[in-house]
Amino acid sequence: MSTPIGSARDITLRALDVLAGADVLVAEDTRTLRHLMEIHGIPLNGRQVIAYHDHSGEVQMQRLLGLLAEGKSLAYASEAGTPLISDPGFELARAVAAAGLPMSAAPGPCAAICALTLSGLPSDRFLFAGFPPSAQGARRTFLEDLAPIQATLILYESPKRLAALLTDMAATLGGSRQAVVCRELTKRFEEVLRGSLTDLAAQIERREIKGEVVVLVDRAARTEATEESIAAALDTALQSMSVKDAASFVSQDLNVSRKIVYRIALARSQG
Ligand code: SAM
């Protein structure tokens, strides 16, 4: 189940029902969950609150699976936001799925999605890449892999590494790409900073950043498609698609008229 990323009132009614009704409560941080339940007036009524994260080990995992197999209902919350999203829960969800036990999600707040909705950047296609590595060499390699992706990129970062991240993003993705930094979402000092990667790196360099941040960056500008680049994309697509499907795919991917691409595709498939 998801829990708030700032404002406690972002809890969903369904999450409150789950907290009130589960036989056993399981949490990344048991104190945070107890506190959230106190805020919303949900009594524990003597129920167990078990600590669990992805490194809790096999014994703890088997204990939880055993409880589920006995027919007990378990509610799992990570410290904030949606479990599994740069938070624990993946190993547990995978084990529950593999055991064929019933599982459901109570969706709710997630900093990545909240930031995307505020960013003003295209939301039709996005890639959530989590936290970049903290060492500079590894971070640059990580960013180079993301550079050509045709999607809005969403990253989590600690405020103390934000300036270094933006500088490396400008160097690897190109300083002119539009980017957004969302800070302290749903909290009192919520702030959204927009600009090119070069602008943002300079702004952040000049001030001390506190709190939690999400960094988003627009996709790479497409280079103009040429007859050669269309032909090369078609040759790859034609290996696994019909002429018609390859033409549709490449025309969408390169943003070129379907008619032009179809003509080139026909010529290549016949030649
Ligand atoms: N599971 C959470 C979710 O659904 O967003 C994310 C947990 S991750 C350990 C924590 C990171 O999420 C922070 O370092 C920050 O990058 C981002 N984050 C969480 N809450 C935030 C908020 N209120 N404002 C901005 N970023 C936030």
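Select β6 and β8 to begin, and follow the five bridges that join these two strands, which run antiparallel. The model on screen is a predicted one, and every stop on this tour should be read with that in mind. Within this pairing, put Val 181 at the centre of the view and look across to β8, where Val 215 stands opposite.

Keep Val 181 selected and turn to the other flank of β6. Here β6 is joined to β7 by six bridges, again with the two strands running antiparallel, and the bridge partner of Val 181 in β7 is Leu 193. If you colour β6 by accessibility, five of its six residues come out as buried, so this strand is largely enclosed by the rest of the structure.

Now widen the selection to the whole sheet, which is open and made of five strands in the order β4-β5-β8-β6-β7, with mixed pairing. The edge positions are taken by β4 (126–128) and β7 (191–196); each of them has a single partner strand, so one side of each is left without a neighbour in the sheet. Looking along the sheet, you can follow a twist that averages 20 degrees from one strand to the next.

Next, select residues 152–157 and 213–217, which are β5 and β8, and trace the five bridges over which they pair in the antiparallel sense. Leu 153 is a convenient residue to label in this pair, with Val 217 in β8 as its bridge partner. Then add helix α8 (residues 197–205), which packs on the sheet and touches β6 (178–183), β7 and β8, while its direction makes about 130 degrees with that of β7.

From here, move to the loop between β6 and β7, where Glu 184 is found and where Thr 186 also has its place. Which backbone angle deserves a check at Glu 184? Its phi is near 50 degrees, a positive value in a residue other than glycine. Thr 186 has a positive phi as well, of about 65 degrees, although it is not a glycine. As background to both, most residues other than glycine have a negative phi. Is Glu 184 buried or exposed? Its relative accessibility is 14%, so Glu 184 counts as buried, whereas Thr 186, at 23%, counts as partly exposed.

Two further loops are worth a visit. In the loop between α6 (136–146) and β5, select Gln 150, which counts as buried because its relative accessibility is 17%, the cut-off for that class being under 20%. Leaving aside neighbours within four places in sequence, display the residues in contact with Gln 150, namely Arg 125, Arg 219, Ala 220 and Arg 222. In the loop between α5 (111–119) and β4, select Ser 123, which at 48% relative accessibility counts as partly exposed. A distance drawn from Ser 123 to Leu 166, C-alpha to C-alpha, gives 21 Å in space for residues that are 43 apart in sequence.

Zoom out next and colour the chain by domain, with domain 1 at 8–98, domain 2 at 111–217 and domain 3 at 227–270. The centres of domain 2 and domain 3, taken over C-alpha atoms, are separated by 35 Å.

The other sheet to select is an open one of three strands, in the order β2-β1-β3, with parallel pairing. Its edges are β2 (49–51) and β3, each having a single partner strand, so one side of each is left without a neighbour in the sheet. The twist here averages 25 degrees from one strand to the next. Four bridges link β1 (residues 24–27) with β3 in the parallel sense, and Leu 25 can be labelled together with Ala 75, which it faces in β3. Add helix α2 (residues 30–39), which lies across β1, β2 and β3 at about 125 degrees to β1, and then α3, which lies across these three strands too but runs at about 145 degrees to β2.

Finish at the largest pocket, whose volume is about 690 Å³. Of the 27 residues that line this pocket, Met 1, Leu 74, Tyr 76, Met 103 and Ser 104 lie nearest its centre, and they make a sensible selection to start from. To extend the view, show α1 (13–21), α3 (58–69), β3 (74–77) and α4 (90–98), each of which supplies at least two residues of the lining.

Note on methods:
Residues numbered from 1 in each chain as written. Predicted model: local features only at pLDDT ≥ 70, side-chain atom pairs only at ≥ 80, totals over all residues. Heavy atoms only, no water. Pairing = 2+ DSSP bridges. Axes fitted to C-alpha atoms, helices over the stretch in contact; angles between N-to-C directions. Contact = heavy atoms within 4.5 Å. Domains from an automatic or database assignment. Buried < 20%, exposed > 50% of the residue type's maximum accessible area, 1.4 Å probe, protein only. 1 Å grid on protein atoms, 1.4 Å probe; cavity = no way out; pocket = protein on both sides within 12 Å on 5 of 7 lines; lining within 4 Å. Points joined across faces, edges and corners; volume = space filled by probe spheres on them.
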